Amino acid sequence: MPVIYWCDDRNVPILSKELGSRRCASLSIVRLTRPGDVRPAFPVDIEITRNAIINEFGSEELARRLIPDNEVILLNKIPGYADQADEVIVRGRVIGHRFYDVERKTWRFRPLYEGVAEIMSLRLGYWAIVNMDKLPQRYDVHANLIMSANLPSERYRHVAVSTRDGSFHGVAKLMRGSRLRIIKSWRARDPLPSPRPSSLKDFVELNRDYLERKAQKALEFLRKVFSEYKLPIVVSFSGGKDSLVVLDLTARTGVKFHILFNDTGLEAPETYEFVEEIATRYNAELITASAGDKYWRAINEFGPPARDYRWCCKVIKLGPITDTLIHRFPNGYISVVGQRALESFQRARLPMVSRSKWVTKDIVVAPIQDWSALEVWGYIIMNGLPYNKAYEYGFDRLGCVICPANELAEFELVEERYPGIYTRLGEVLRKYAEEKGLGQDFVRLGLWRWRREIPGDMARYVKVRLRVDYPIRISRSDDALNLVSARGINYETLGQFLKMVGRVERTSDGYLVKGKLGEARVVIKGDNSVSIITSDGGLAVHIAGLVSRASICGECNLCINWCPTKALSRLGPGPSFTVDESRCINCLLCSTACPSAQYLVYRNPGLRRA
């Protein structure tokens, strides 16, 4: 279980136990839910959390007692809820969870530990003392066991609960018949310590030595990497806090560097302004890798992106970045990124120096891989760095504002702050749902964010099973792999692509391919359908990928840029290509890079079923 430390006498977090034992009269341990990437609460977070308490417990006084003014409050994003949820840390104690209710479209609050102790001590909000010695989880406490209480009138509201002698506390939900269903219980804790004013500046001053040591370690790492590789240096700057810190660290090394901004076309307006401000501040060349309107064109080809169907990352991020930098730095470059291990389990596995899986000739360097969000914000405040104002609206991460990784709570902020782009996406989603007969929940509950399986926390809200067709449908008959494309197939391009797996002969009903992988017939069944007949299953899958590429193209150009022999050329928009068979070495790296082949064939669950 991850932990942070809290200096009780100064009422701020402290970033190491060793520092705390030297500088604090009283030190507490805060045990966090994984991954434990705590961040400071901005004023808008304070307002959201207070409103959640008022909505749940009907008491403004309780909200102000639990979420005080003029104190450092931390939030820790946690799993286990249907949508966005955070542990709320006040005076070094986890007082509860704030979470977004996807049905009610509002923030709610579930008190825990010192939060429940505070409610029971103050007798504010909804509470109950029950005639029991313990509070078994999932146990229904009937009205005859409730000794005294202030219960809500609405079912499913949370209620703070205590045993008759105060030895155990818990949190319950009000059920039918005034029953209290115990959700969680624990040995009672003391109420919150007395209030003490504190600020993030106090936090920085207490932790300054630690933060400076952390920065010096990152600077030494960067200088070593720059000296070893001796390549042009590009700082990938998204406009977010992490990339801001690595940009400042890179500038402190004294090297010449460029700033790369990937304009996906879906960024917050504040981000565009901030990127220009930062380029001027650091007097560095700004290189913009722009996707233009590729997202809106590609969504008509691929359908809505999803967390398990993220074609958008290749089309509007990796494609433009590769296209821009491979021409600017053909011999390679160092990409300094704000990647951090605590952001995701996937990023936690990445090393601090690596070769990019997707962007060619790119050495990726992550100097703050082992930093927490709290350390990042500490560095920003310590050095007086400007930051993107979008953080002050309630966003805890920045990027594409309509990313499928967003929670519904974040989309509510997008709707409020950026109604134009939110409305445009909504129109596309509603049209798609209507065409596919997917129902209102597809948009209302954000079900478009998943293709294969809705996670359990969200699934309980869904009345029907999600069925979303892929643009390429795959089935298997006795002797063939059959593909049907919703967009039609460019057969001229398919004939060119087939050169990648062997020598191609045109037949009366399609193509015959002979190569080192084997022999296959590709039978044309109409404008949008083919059958692949071969005894080699691997060859059939590769040809299926080529069929997909000849049908649906996001125009990211990753296939062209990944071709090691420059055998592939674009003839026009969409899936219109030619292959120079004298150069092609049949490596199929282009299919590895292509989002159409990857997401519509290689990762298509229909292929596994077939």
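## Aromatic pairs

The count of aromatic pairs comes to 21 in this structure, which is a predicted model. One of them joins Tyr-81 and Phe-99, whose rings are stacked, with 4.9 Å from centre to centre and 25 degrees between the planes. This pair links distant parts of the chain, since Tyr-81 lies in the loop between β5 (73–77) and β6 (85–90) whereas Phe-99 belongs to strand β7 (residues 93–101), 18 residues apart. Both Tyr-81 and Phe-99 are buried.

Phe-302 and Trp-311 have ring centres 5.0 Å apart and planes at 15 degrees, and because planes under 30 degrees apart count as stacked, this pair is stacked as well. Phe-302 is buried, with a relative accessible area of 1%, and Trp-311 counts as buried at 0% relative accessibility. Elsewhere, Phe-42, Trp-377, Tyr-387 and Tyr-391 form one aromatic cluster.

## Charges over rings

Phe-99, the stacking partner of Tyr-81, also has a charged group over its ring: the charged end of Arg-110 sits there, 5.9 Å from the ring centre. A second arrangement of this kind involves Arg-417, whose charged end sits over the ring of Tyr-393 at 3.6 Å from its centre.

## Nonpolar cores

In soluble globular proteins, nonpolar side chains tend to be buried together. Here the largest nonpolar core holds 192 residues, and the members that touch the most others are Leu-249, Tyr-295, Trp-311, Ile-402 and Leu-494. Helix α5 contributes the largest share of this core, with twelve residues. Trp-311 thus appears both among these well-connected members and in the stacked pair with Phe-302.

For Ile-402, leaving aside residues up to four places away in sequence, the contacts are Leu-266, Tyr-295, Trp-296, Phe-411, Val-414, Ile-421, Leu-425 and Trp-448. Apart from the largest core lies another, of eight residues, including Leu-260, Ile-287, Ile-321 and Leu-325.

## The course of helix α5

Helix α5, which supplies twelve residues to the largest core, covers residues 200–229 and spans only 38 Å between its end C-alpha atoms, whereas a straight helix of 30 residues would span 44 Å at 1.5 Å a residue. Where is the kink in α5 centred? The kink, of about 70 degrees, is centred on Asn-207. Just after α5, Lys-230 takes a positive phi of about 50 degrees.

Methods. Residues numbered from 1 in each chain as written. Predicted model: local features only at pLDDT ≥ 70, side-chain atom pairs only at ≥ 80, totals over all residues. Heavy atoms only, no water. Helix = DSSP H or I, 4+ residues; strand = E, 2+ residues; numbered from the N terminus. Expected span 1.5 Å × (residues − 1). Bend = angle between axes of the 7 residues up to and from the residue. Phe/Tyr/Trp six-rings, centres within 6.5 Å; stacked < 30°, edge-to-face > 60°. Buried < 20%, exposed > 50% of the residue type's maximum accessible area, 1.4 Å probe, protein only. Lys NZ or Arg CZ within 6 Å of the ring centre and 35° of its normal. Core = buried A, V, L, I, M, F, W, Y, C linked by side-chain atoms within 4.5 Å. Contact = heavy atoms within 4.5 Å.
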